[in-house]
Structure formats: C-alpha cells, structure tokens
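User: Please take a close look at the nonpolar core of this structure. Which residues sit at its heart, and what else should I notice around it?

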Amino acid sequence: MRSIINLSMKLVYKHTLLLATVALATTFQLPAAEGYKWLIDFEEAKKKAQKEGKSIFMNFTGSDYCLPCKALDANVFSKEIFQTEMAKHVIFLKLDSPADTSKQSQKEIEQNKKLVEQFSVAGPPTLFLADANGKPYWKTVGYAQQTADDFTNNLKKKLSILELRNKALTKAENAAGHEKAKLLAQGLDQIHEEILLTFYKSQVEELIKLDQTNDKSISAKYSALKRAPQIAEKLQEILLKEAPAEELLKLLDGLIEEEKPLGIVLQEALYWKGAALFQSGKKDEARKVFEEIVKSGPDTLVGMKANMIIKQVLPK
C-alpha cells in the first residue's frame, strides 16, 4: 500500500537534495536588488508594510537543516527577478527556526516559536502572504521545484486575493441577510481553508448563520470546513486499520460519500484512494484521482505531491 507513497517521498528527497547541492554551489550571489531585505521582527514588518502600503511575505524556514528551504533560497529567493519584482509589492519577513539557535537573540527565538503556533506551521518551508496588519490571506507549504520566474509570477497573482477580500468584506459591512452571506463568501472564497478556520472564524460563523434561511448553497463549503477536524479523525482511523487495497478503497469511498469532505481533507482522502488504486494495479484510475487532487489545489502540499507522482510515477 505504501509503495507509491514511499516512492513519491524518495523523489521529493532526491530533487530537494539536488537543489540543495546547487545552493551550496552558488554561495556567491550578485548583490541583492534594491528594496530586497529580509526583516526578522514581525512588528517591524507590520509597521513597514503599513507605511509603504504593501503585504508581508512570511517565510517560516529552518535555515540550517531544511533541504527544501535551502533549495528555495538558491533557486528563487537569490534570483534577481524574485527580488526586483516582489520588492515592489511585499515586505520580506524571515521567521527562522534553525537547529542551531546560537546566532539568534532570545527575543527572536521566542517570537518565532509563538508565530509557528499562531500560524499553525507544521514544518518548513511554510510561506504566507499577510496584509499590513499581519492577517494572512494566502499560504503554501513546501517547494515544488518551480523556477524563479514561475514562483514569482504565481506569487504576484496571489496578491490579488487581498484586493478581492477587502472589496467584498467592506461591501458586506453595509449588507444584510443572504446578500451579506454572498459578499462574505466572495471575500473568503480564495483564502486558504486552514487560514479561514484560524483567522476568519467569526466571518465564517456569521456567513453560516446568515445563510440558514436560504438553500445553504453558499454556506455548505464553510459548514464542511468547520467539520474538517472530525472528518480528518475518521480518515485517520481508516488508515490506521492498514486494510488491503480493495477494502481500503471501499472505506475511503464510503467516507467521501457520507461525509462529503472538501479542501485539504478531501485531497488527503483522494491521495490515499489514488495510492490504493495504484497498489491494485489500476494505474489509469489512479492517475485520474491524482489529477483531480492537483486540479482542486495545486499549491497545497498534497497537491504538489500528487503532481510529482503524476509526472514521475504515472506519466502518460
């Protein structure tokens, strides 16, 4: 059952190790572009972002042990296009949790520990875009080997989420009932679901409450998100059974049909379904499932792993 999972992890390790080697080989970099500087103090970053009217690009990293972090530094952050283009739009904030903390102040160490917990960071690299007050609106985990051009262009597109959020939520302040629920949904729809449950809980709960008298088509997504932790527990119980592939497929299909999970929990369930199909020799069906995962969320860690499996394990 775990053969495809193990293989995908080996591929991730192989590529990140290669990219980290590149990082060591490119120690000598051109001078940083004007405006490109990593701050380490969250409060300083917010003040600077407010003054300059920019977002904050938050980089939770493990600089001395995390191979994907080193690859990201070497292949994206050190490149002129990233530095020049993103300096126009964001304040750079590096939140480092290295194995060796001897070069950090106690203030920095305590701040980063607090922010890791506050932002629910499971491991590095985890990246956020936040508004000038430090409220996040976009998140991604890991490094999917993008070029500096691709990474930068994608990140610039994500900046538009903030404008959409602000425009819709401002309109929602003067609306009521179902119309307010629609505006709240417009403002929240592009925001990463884990961020929603942590930083936009009041808006999510208000949206659900306002939509109760209608067909609930707007609030269905957010009601499912509130149930995500319970569904995730049920998924974990299924996986702990270590059932044969065919039995696992039935259990996963039953969970998806009964609970109707969305977002990351659905991606996780589909990921294991794809693995079970692969284990059963149904490679074409497995590929379709992994493609569904990528389509639903290419920026999530599960989405990136599924994309790697498609390219490296299940090519057409």
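**The largest nonpolar core**

Analyst: The largest nonpolar core has 54 residues, and Phe57, Met58 and Phe82 touch the most other members. Strand β3, which covers residues 90–96, gives the most to this core, with 5 residues. Keep in mind that this is a predicted model.

Now take Phe82. Set aside its neighbours within four places in sequence. Phe82 is then in contact with Tyr36, Phe57, Val76, Phe77 and Ala87. Its list of contacts also includes Phe92, Phe151, Thr152 and Leu155. One of these partners, Phe57, is again among the residues that touch the most other core members.

Apart from this core lies another one, of 29 residues. Among them are Leu239, Ala245, Leu252 and Val313.

Next, the disulfide. A search of the whole structure finds 1. It joins Cys66 to Cys69, with an S to S distance of 2.3 Å. The torsion about the S-S bond is about 75°, so the disulfide is right-handed. Are its two cysteines buried or exposed? Cys66 has a relative accessible area of 5%, so Cys66 is buried. Cys69 is buried too, at 2%. The cut-off for buried is under 20%.

Finally, the setting. The chain has 316 residues, and 47% of them count as buried. Its secondary structure comes to 16 helices and 5 strands. Consider contacts between residues at least 6 apart in sequence: 69% of them join residues at least 24 apart. The chain exposes about 16,800 Å², and carbon and sulfur atoms supply 53% of that area.

Conventions:
Residues numbered from 1 in each chain as written. Predicted model: local features only at pLDDT ≥ 70, side-chain atom pairs only at ≥ 80, totals over all residues. Heavy atoms only, no water. Disulfide = S-S within 2.5 Å. Buried < 20%, exposed > 50% of the residue type's maximum accessible area, 1.4 Å probe, protein only. Core = buried A, V, L, I, M, F, W, Y, C linked by side-chain atoms within 4.5 Å. Helix = DSSP H or I, 4+ residues; strand = E, 2+ residues; numbered from the N terminus. Contact = heavy atoms within 4.5 Å. Areas by Shrake-Rupley, 256 points an atom, 1.4 Å probe, with all protein chains shown as cover.
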